[in-house]
Amino acid sequence: MRVHLSTSVLVAALTLWLPQSVGARQADPAAVEAESTQRASDLAAARAVFSANLRAIQERNREDYLGTYLNSDRLVRTGPSGFELGWEDLAAGAAPTGSDDWPAELLARDLRLQWLQAGLVYGTYRYRVSFDGLEWVEGISERLFTKTEGGWKIAVTTAFGVNDDTPSPPVALVGATVHDGLGGPPIQDALLILRGGKIESVGPRARNAVPLGLDVIELTGKHIIPGLIDTHVHYSQTGWVDGRPDAADVTEEYPYAAAMALNQAHPDRFHRAFLSCGVTSVFDVGGYPWTRTLPGATELSREAPHVVAAGPLIATFDPGLNLLDRRQMIFPSDEDEARAMVRSHAASGSQAIKFWFVVRSDDEVAVKAPLLMAVGEEAKAVGLPLIVHATRLAAAKVAVAAGASLLVHSVENRAVDDEFVGACVAAGTSLSPTLTVVGGYAQVNLSEISDEVRSHLAYVHPSVAERVLKTVDLPLRGDPKLIRASFDARAEATGAIMAANLVALHRAGVPIVLGTDAGNPLTLHGPSVFPELEAMEAAGLSPSEVLVSATSKAAAALGRAGDLGRIEPGFVADLVVLTEDPSKSSSAMRSVTHVVRAGTVHRRDQLVWD
Ligand SMILES: [Zn+2]
């Protein structure tokens, strides 16, 4: 809206300059050639002033900066706050050379110049500017360049911020090896064109030309994959025990209500951590009611992953993770109440129904099964997918019978059987194995932080890192040797079952999808995907299969098979650039250099806190 206003104001201003530009075109060939030469030299001159202007800002050079503007009281500057006139006024407000009042970084893209008449050129470009290197403002800026006795100068300048729904400018990514997310043969030395936030085209560079005027990012030697998709996260957990007092009670120093309030006030902390690790979409599979606002807030954002959110969990077990005035877990007393809960979720904007089927025995499974069956039937009636937490085979069987589209953990207690595998295949159920989340609980119980988790602290918000480091101060829960032995025994017993089940389901055609359970203690939003991806490979998937599980298959589990998780024309331009080859090893996913969200290219260093 603001941009339209400014354009109309500018067009009105320009008409004063444009009395005679049209007629000269039908003149003799010599005149046509003269105009063409004039046009080329004017455009080059305007481009040079534009570059000098940007360079002066980047170099924080006040004198050079002011020198690019028309030294006249007719200089016009305009932005959201209105017109400002005159060079003196500009000079009065310009920051001193070298001071911190200049932007930390200014990126200018998509410069388009239009020759108007001899000595007059109009231009637009898209800017991204940051004053602290972390918070970025994106906008569109115009320039009117004019020839004066003292050389070419900027006579009119405008700058207006754009909203998230204004797509990023088009860009060509050239030279990288592209992995499509479906497991197809990689395209070497590719040309990938992004426009309007979508993938416009992809193919070998040799067969496609970069359209004229498009900004080019050279990525020779690198690899491009679709953005990673984590199908199991919780924005209502913190990554530490302040969000899980049932794991270790730190509420005296870190009240649970305060931790939950911080999560709600600043989901941006997790958004950025996800992006910095190449995660461009997540499934929030259970949390406080406010998490239902995340999908709308993030869908068009350049600074956040897509979020699909389930809202409060319908649960069979109460670990005490509710606030007095609101609940992330609700406990149906009978089937009618369970159905009513599903209808309430649908009316309140939940995009899925999460059933937390925590049971201690197969007898309990049988007792509680009717609740899950009722929830599944009602979810189907209101048109919402059903997601189920089930780690016992008997529970997982009920989940699939109830119509679950996604099982968010492995079956841990025994090997899956043909009946279960067949039921998953028939129902089209996906499974996210969450192989590594239990390791965080082991560290909490041992009051220690693994080197792996320590390496994750580089990607998370300082408020999260600071708390995680306090894990070593937690009181020990007994003899560390015994605790370690107990976790090791469990890992050995369940790890082999989980790996075998993953492979059995995968071979049968059940989609295995990336899921971390991020938000649980020491399973941090974002970087926890790295060990999880490696664990999927160690369990028996090939690196290429892991990549498909983390992209196109995960997109399908989110209900977004049609526009996320693949590098294909028409899909959302969510991409990750890696230095290592992800078809050779899943560890390559750690080598992120750029993350593209809806066509906006972020360098990784622009996404991490210093
Ligand atoms: Zn979970």
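Reader: Which residue of strand 2 is the bridge partner of Thr-78?

Author: Thr-78 has Phe-83 as its bridge partner in strand 2. Before we go on, please note that this is a predicted model, in which local features need pLDDT of at least 70 and side-chain atom pairs count only at pLDDT 80 or more, while totals for chains, interfaces and linings use all residues. Residues are numbered from 1 along each chain as its sequence is written, and side-chain values use heavy atoms, with hydrogens and water left out.

Reader: How do you know that strand 1 and strand 2 pair, and in which sense?

Author: Two strands pair if DSSP finds at least two bridges between them. Strand 1 (residues 76–79) and strand 2 share four bridges, in the antiparallel sense, so the condition is met.

Reader: And what makes a stretch a strand or a helix?

Author: Both are DSSP runs, numbered from the N terminus: a helix is a run of H or I with at least four residues, and a strand is a run of E with at least two. Counted like this, the chain has 18 helices and 24 strands.

Reader: What makes strand 2 and strand 3 edge strands?

Author: They belong to an open sheet of six strands with mixed pairing, in the order 2-1-6-5-4-3. Strand 2 (82–85) and strand 3 (105–117) each pair on one side only. On average, neighbouring strands of this sheet are turned by 20° against each other, direction ignored.

Reader: Which strands does helix 2 lie across?

Author: Helix 2 (residues 29–58) lies across strand 3, strand 4 (120–130), strand 5 (137–148) and strand 6 (151–161), and runs at about 155° to strand 3. Such an angle is taken between N-to-C directions and can go from 0 to 180 degrees; the axes are lines fitted to C-alpha atoms, for helices over the stretch in contact.

Reader: Why is His-306 called buried?

Author: A residue is buried under 20% relative accessible area, exposed over 50%, and partly exposed in between (1.4 Å probe, protein chains only). His-306 has 1% relative accessibility, so it counts as buried. This histidine lies in strand 15 (residues 306–309).

Reader: What does His-306 touch?

Author: Contact means heavy atoms within 4.5 Å. Leaving out residues up to four places away in sequence, the contacts of His-306 include Thr-280, Ser-281, Glu-299, Arg-560, Asp-574 and Arg-597.

Reader: Is Gln-264 buried, partly exposed or exposed, and how do you know?

Author: Gln-264 has 35% relative accessibility, so it counts as partly exposed. Gln-264 is found in helix 5 (residues 256–265). Apart from neighbours within four places in sequence, Gln-264 is in contact with Trp-290 and Arg-326. The C-alpha atom of Gln-264 is also 7.9 Å from that of Thr-291, although the two residues are 27 apart along the chain.

Reader: Strand 15 came up earlier. Why is one side of it left without a neighbour in the sheet?

Author: Strand 15 is part of an open sheet of three strands, in the order 13-14-15 with parallel pairing. Strand 13 and strand 15 stand at its edges with a single partner strand each, so one side of each has no neighbour in the sheet. The average turn between neighbouring strands here is 15°, direction ignored. Helix 6 (residues 268–276) packs on this sheet and touches strand 13 and strand 14, its direction making about 130° with that of strand 14. Strand 13 and strand 14 (residues 279–284) pair in the parallel sense over four bridges, and Val-233 stands opposite Asp-284 of strand 14.

Reader: What makes helix 17 mostly covered?

Author: Six of the eight residues of helix 17 (residues 543–550) are buried. Among them are Val-546, Leu-547 and Val-548. The buried residues pack against strand 12 (223–226), strand 13 (228–233), helix 16 (529–539) and helix 18 (552–557).

Reader: Which way do the residues of strand 22 point?

Author: Leu-575 and Val-577 point one way from strand 22 (residues 575–578), Val-576 and Leu-578 point the other way, and all are buried. In a regular strand the side chains alternate between the two faces of the sheet. Leu-578 of strand 22 is the bridge partner of His-223, and in strand 23 the bridge partner of Leu-578 is Val-592.
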